[in-house]
Amino acid sequence: MSTAENLPYELLGRYFSGEATPEEAMAVDDWIREHRDHRKLYDQVAAVWDDAALQQRYRLPDKAAALQELKAKMTGRPVVRKMLPLSRIAAGLVLLAGVAAILFFMLRSGNERGAPAIVSKQTGEAIRRDTLPDRSTVVLNSHSALQYAAGFRDTARWVKLSGEAWFDVTSQPHKPFIVAVGDVRIEVLGTSFNVRQSDTAIAVMVKTGAVRMSEGDSSIQVKAGQEGVYHIARKELGLTAGAFNSNQLGYATRVFNFDNITLKEITAQLEKAYGIRVVFENKALEDCTMSSSFENKPIEYVFEVISVTLNVTCRFEKEEVFINGAGCGG
């Protein structure tokens, strides 16, 4: 059976229009993981959907034409096209079928209400701070991506994460906030927490409130000051031992508790949190160590403390900080 024949047309339509139930959203995730071609097709359809939504603000172009293409395919009537190489024809048919199905579902749902677009946000080297439709805030770490239905019109506030992000969620008891990341679902009502995905694990560190991590029929509760981890290879959920490490969240919260660590390690975390670049004009200063705590302080204040503590000079030039001097408190 070809990928096109196996495409869940109507299910994808509900998923992209923001009308899928949590069970249907998980079914889409399962379908994507079934075959590598499914992931490629999903990415292609998602890209077309996003482009159309951005260009016309929820009014997708050429609905009638897309519907005609879909009907022609379903009834077996030929559609006249300009001849293309066979590989491009195959890829085009698969993509057209998916996009046409989505548009067909939107037409059937009615134009008065309209279907929300899927909002996609992603980062490169820099982090990204944003506000979601419910006034919750999110900080996307570098090389991460987030997707959600515009307006959060569903009965739950679903977001799909790849990579790492910090969430500070507004409380809406009758509309839970759910993060889908890999095989894991994270449900909250109002709290602040961090989600970090790697090749081996998915970790959730909770600062305030509590969340429930679920995978299949298994679930655990993660409370403030705890970290829950899903081990991908073993398919196991559990709580990690050890103290809460606020520095791991510093890229988002700008709260740090540096305890006898090197200036190179400190500045690496400050670069990410504040979007700056630090240049050591005297490389020997990288190994100086210090202890200090900062709670969302201006970056100028942080480097003033570093200057006094380590006897160095810190010079600001736009978004760069140059560090020089004898250093290490001498």
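**Figure 1. Strand E6 and its two antiparallel partners.** Two strands are taken to pair where DSSP finds at least two bridges between them; strands (E, at least two residues) and helices (H or I, at least four) are DSSP runs numbered from the N terminus. The model shown here is predicted: local features require pLDDT of at least 70 and side-chain atom pairs pLDDT 80 or more, whereas totals for chains, interfaces and linings use all residues. Residues are numbered from 1 along each chain as its sequence is written, and side-chain values use heavy atoms, with hydrogens and water left out. Strand E3 (residues 137–140) is joined to E6 by four bridges, and the two strands run antiparallel. Within this pair, Val-139 faces Trp-166 of E6 as its opposite residue. Strand E9 (residues 192–197) also pairs with E6 in the antiparallel sense, over five bridges, and here Trp-166 stands opposite Asn-194. Strand E6 (residues 164–168) is mostly covered, with four of its five residues buried (under 20% relative accessible area with a 1.4 Å probe, protein chains only; exposed is over 50%, partly exposed in between).

**Figure 2. The open antiparallel sheet that contains E6.** Seven strands follow one another in the order E2-E3-E6-E9-E10-E13-E14, and their pairing is antiparallel. Strand E2 (128–131) and strand E14 (236–239) stand at the edges; each has a single partner strand, so one side of each lacks a neighbour in the sheet. Neighbouring strands are turned against each other by 15 degrees on average, direction ignored; axes are lines fitted to C-alpha atoms, and angles between N-to-C directions run from 0 to 180 degrees. Further along the sheet, strand E10 (residues 201–208) and strand E13 (residues 227–231) pair in the antiparallel sense through five bridges. One bridge of this pair links Ala-201 to His-231 in E13.

**Figure 3. The open sheet with mixed pairing.** A sheet of seven strands has the order E1-E4-E5-E7-E8-E11-E12, and its pairing is mixed. Its edge strands are strand E1 (118–122) and strand E12 (218–223), each of which pairs on one side only. The average turn between neighbouring strands of this sheet is 20 degrees, direction ignored. Strand E7 (residues 177–181) runs antiparallel to E8 and is joined to it by five bridges. Val-181 lies opposite Val-184 of E8.

**Figure 4. The second largest pocket and its lining.** On a 1 Å grid over the protein atoms alone, a pocket is an open set of points where a 1.4 Å probe fits, with protein on both sides within 12 Å along at least five of seven lines; lining residues have an atom within 4 Å of a point. The volume of the second largest pocket is about 290 Å³, counted as the space filled by probe spheres set on points joined across faces, edges and corners. Of its 14 lining residues, Met-26, Trp-158, Arg-185, Ser-214 and Gly-216 lie nearest the centre. Helix H2 (22–34), strand E8 (184–188) and strand E11 (210–215) each contribute at least two residues to the lining. The largest share, four residues, comes from H2. By class, the lining holds four nonpolar, three polar and seven charged residues; Ala, Val, Leu, Ile, Met, Phe, Trp, Tyr, Cys and Pro count as nonpolar, Asp, Glu, Lys and Arg as charged, and the others, including Gly, as polar.

**Figure 5. The E18–E19 hairpin and its salt bridge.** Strand E18 (residues 313–317) and strand E19 (residues 320–324) run antiparallel and are joined by five bridges. Thr-313 has Asn-324 of E19 opposite it. Two residues separate the strands of this hairpin, and Lys-318, in the turn, has a positive phi of about 55 degrees. A salt bridge (a side-chain nitrogen of Lys or Arg within 4 Å of a carboxyl oxygen of Asp or Glu) links Arg-315 and Glu-317, at 2.9 Å from N to O. Arg-315 is partly exposed, at 37% relative accessible area, and Glu-317 is partly exposed at 39%.

**Figure 6. Further salt bridges.** The structure contains nine salt bridges. Arg-128 and Asp-130 form one of them, with their closest N and O atoms 3.5 Å apart; Arg-128 is partly exposed, with a relative accessible area of 33%. Another joins the side chains of Lys-283 and Glu-286 at 3.7 Å, N to O. Lys-283 counts as exposed at 55% relative accessibility, whereas Glu-286 counts as buried at 16%.

**Figure 7. Asn-257 and Ser-291.** Asn-257 belongs to strand E15 (residues 255–262) and is partly exposed, with a relative accessible area of 44%. Asn-257 and Ser-291 are separated by 34 residues in sequence and by 7.6 Å in space, C-alpha to C-alpha.
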